[in-house]
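Thanks for coming. I will walk through one protein model this morning, sheet by sheet and then space by space. Please have a look at it first.

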Amino acid sequence: MRGGLVRGELQRIVDAVAAHAGRPALIEDRRQRVVVYSEQNGLTDEVRRASILRRQSSPEVVAWVRDLGLADARGPVRTPARPDLGMLPRLCVPVRHHELLLGYVWFIDPDGTMTDVDLTATGLLKELSLALYRENLLGELAAQRETEAARTLLADSPETRDQAARALLEAGMIAADGPRTALVARLVAPAQRQPDELARIALEQALVAARRRAGIREALHLIRHDHGVLLLPAEPVAGRPAPEIAARQLDEDLQHVTRALGSVERTVVGVGQTRARLADAAESYIEALHAARVGAQLPALGRVVFWSGLGSYRALARLGDQQLTVADVHPGLARLLATPGSQVLLTTLERYLDQAGNAHATAARLRLHRTTLYYRLQRIEELADTDLKDGDERLCLHLGLKLARLTGQHRPEE
């Protein structure tokens with residue numbers, strides 16, 4: 001109720017600001033999330049339309065504002081047009097409360113004729129700073145409560161998970177209990193890099209968009225150090241996407257918000273299996289997390305990876321938590337992996353094992369004469385000190401190759 005009163009006060013202020021300036025106004029918080037906006041009559045641009053639709057500026061616009069140094073400005077700043085972003089010239093008024101930056105007031109000024117807006121003289125800037133300060137406090141407290149409950153729900157013992165689920169339900173952060181499916185979104189950075197702050201902003205934008213489609217009080221999202229989590233209701237309801245569809249939509253959102261970010265090479269969405277209660281969602285989360293990690297290592301699996309479809313990688317992903325190595329599974333295979341120039345033999349072995357030891361099918365798949373195939377298999381037996389007629393040996397070799405893919409030791413050309 002209190003939050004609604006503050007939001008109503010902010011709407012009254014932005015309408016008064018727009019009337020005073022004689023043109024539409026939009027207010028963002030310091031992270032450039034849209035708080036309120038006046039009636040948008042007159043000339044607008046693609047950035048304004050997208051900000052209102054998505055409730056937040058794009059990562060490209062956030063980066064540009066940061067580069068302009070608007071966070072340090074103490075008065076109105078004119079910003080030039082950015083045709084590449086679809087952005088007209090603007091007048092920006094930073095809003096502060098005792099030197100604490102709270103947000104920005106934006107006016108579109110396409111022809112540069114707008115005079116500096118003196119909001120201080122009217123008392124509107126002081127009203128706005130107080131209202132944004134209260135909004136910020138309420139928002140931070142609510143977000144902190146939800147984040148702590150979500151962390152407990154996903155990370156702690158079954159008893160505390162039950163308590164966290166009850167806390168979320170009793171506080172109204174989640175409307176009702178029921179089946180939940182976890183999605184994990186992972187950003188894969190180029191070699192020797194890590195996703196930066198803009199990448200994290202983009203990740204949160206995509207998660208929030210997906211949460212809105214499911215219903216803000218029906219879903220839950222959380223940003224962790226190297227991935228984002230989305231807990232979705234799994235019960236079929238008209239107008240709400242099923243988890244499988246929601247995963248594809250999240251993937252599309254991630255492609256959109258990260259397309260211009262140099263710190264993100266590609267993205268992966270892992271999908272866990274549905275659990276019957278919110279308190280059990282941690283099990284789905286662990287599956288989705290493993291699926292995303294496997295997908296990050298194996299691009300051939302695609303951008304959306306379902307735990308249920310991982311086959312032998314399900315077991316290997318779990319075993320990976322125990323620091324299992326290829327040498328633990330098959331010492332001879334570890335030696336073969338370390339042998340210079342062994343990639344052709346490794347690819348042959350994997351295809352042979354994938355075809356259940358069927359030499360005819362393997363030769364056809366690799367487009368080899370069977371004599372060549374038999375020679376390669378003999379060399380593999382010699383170098384790996386193994387017997388490919390032994391079923392247990394074949395099982396260990398096959399698992400070892402899949403584990404080598406997961407750890408990056410085996411990277412065949414797909």
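Let me start with a small question: which residue of strand 2 does E28 stand opposite? E28 stands opposite V34. Before going further, a word on what we are looking at. This is a predicted model, in which local features need pLDDT of at least 70 and side-chain atom pairs count only at pLDDT 80 or more, while totals for chains, interfaces and linings use all residues. Residues are numbered from 1 along each chain as its sequence is written, and side-chain values use heavy atoms, with hydrogens and water left out.

Now the terms for the elements. Helices (H or I, at least four residues) and strands (E, at least two) are DSSP runs, numbered from the N terminus. Two strands pair if DSSP finds at least two bridges between them. Strands of a sheet pair through backbone hydrogen bonds, either parallel or antiparallel.

Back to that pair. Strand 1 covers residues 26-29 and strand 2 covers residues 34-37; they run antiparallel and are joined by three bridges. Another pairing to find on your screen is L26, whose bridge partner in strand 2 is Y37. The two strands form a hairpin with four residues between them. In the turn, Q32 has a positive phi of about 65 degrees.

The hairpin belongs to an open sheet of five strands, with the order 2-1-5-4-3 and antiparallel pairing. Strand 2 and strand 3 (77-79) stand at the edges with a single partner strand each, so one side of each has no neighbour in the sheet. From one strand to the next, the twist averages 25 degrees. Helix 5 (residues 124-155) lies across strand 1, strand 2, strand 4 (90-97) and strand 5 (100-108). Helix 5 runs at about 65 degrees to strand 4. For such angles, axes are lines fitted to C-alpha atoms, for helices over the stretch in contact, and angles run from 0 to 180 degrees between N-to-C directions. Contact means heavy atoms within 4.5 Å.

Next, the other sheet on my list. Five strands form an open sheet in the order 7-8-6-9-10, and here the pairing is mixed. Its edge strands are strand 7 (220-223) and strand 10 (304-306), each pairing on one side only. The twist averages 20 degrees from one strand to the next. Strand 7 and strand 8 (residues 228-233) run antiparallel and are joined by four bridges; I223 has G228 as its bridge partner in strand 8. Helix 9 (residues 281-297) lies across strand 6 (180-188), strand 8, strand 9 (266-271) and strand 10, at about 30 degrees to strand 6.

Now the empty spaces. Rolling a probe the size of a water molecule over the atoms shows where empty space is left. On a 1 Å grid over the protein atoms alone, a cavity is a set of points where a 1.4 Å probe fits but cannot get out, and a pocket is an open set with protein on both sides within 12 Å along at least five of seven lines; lining residues have an atom within 4 Å of a point. Grid points are joined across faces, edges and corners, and a volume is the space filled by probe spheres set on the points.

How many cavities of 30 Å³ or more does the structure hold? It holds two. The largest cavity has a volume of about 80 Å³, and its lining includes L26, E28 and Q32, which we met in the hairpin. Helix 2 (46-54) and strand 1 each supply at least two residues of this lining, and helix 2 gives the largest share, three residues. The second largest cavity, about 30 Å³, is lined by P24, Q40, L43, T44, R48 and I108.

As for pockets, the second largest has about 660 Å³ of space. Of its 29 lining residues, R186, V188, A189, A296 and Q297 lie nearest its centre. Strand 6, helix 7 (197-214) and helix 9 each supply at least two lining residues.

Last, one record. An unreviewed UniProt entry lists residues 345-403 as "domain: PucR C-terminal helix-turn-helix". UniProt positions are given in the numbering used here, feature names are shortened, and annotations may be inferred rather than shown by experiment. In the model, that span is 78% helix and 0% strand, and its end C-alpha atoms lie 17 Å apart.
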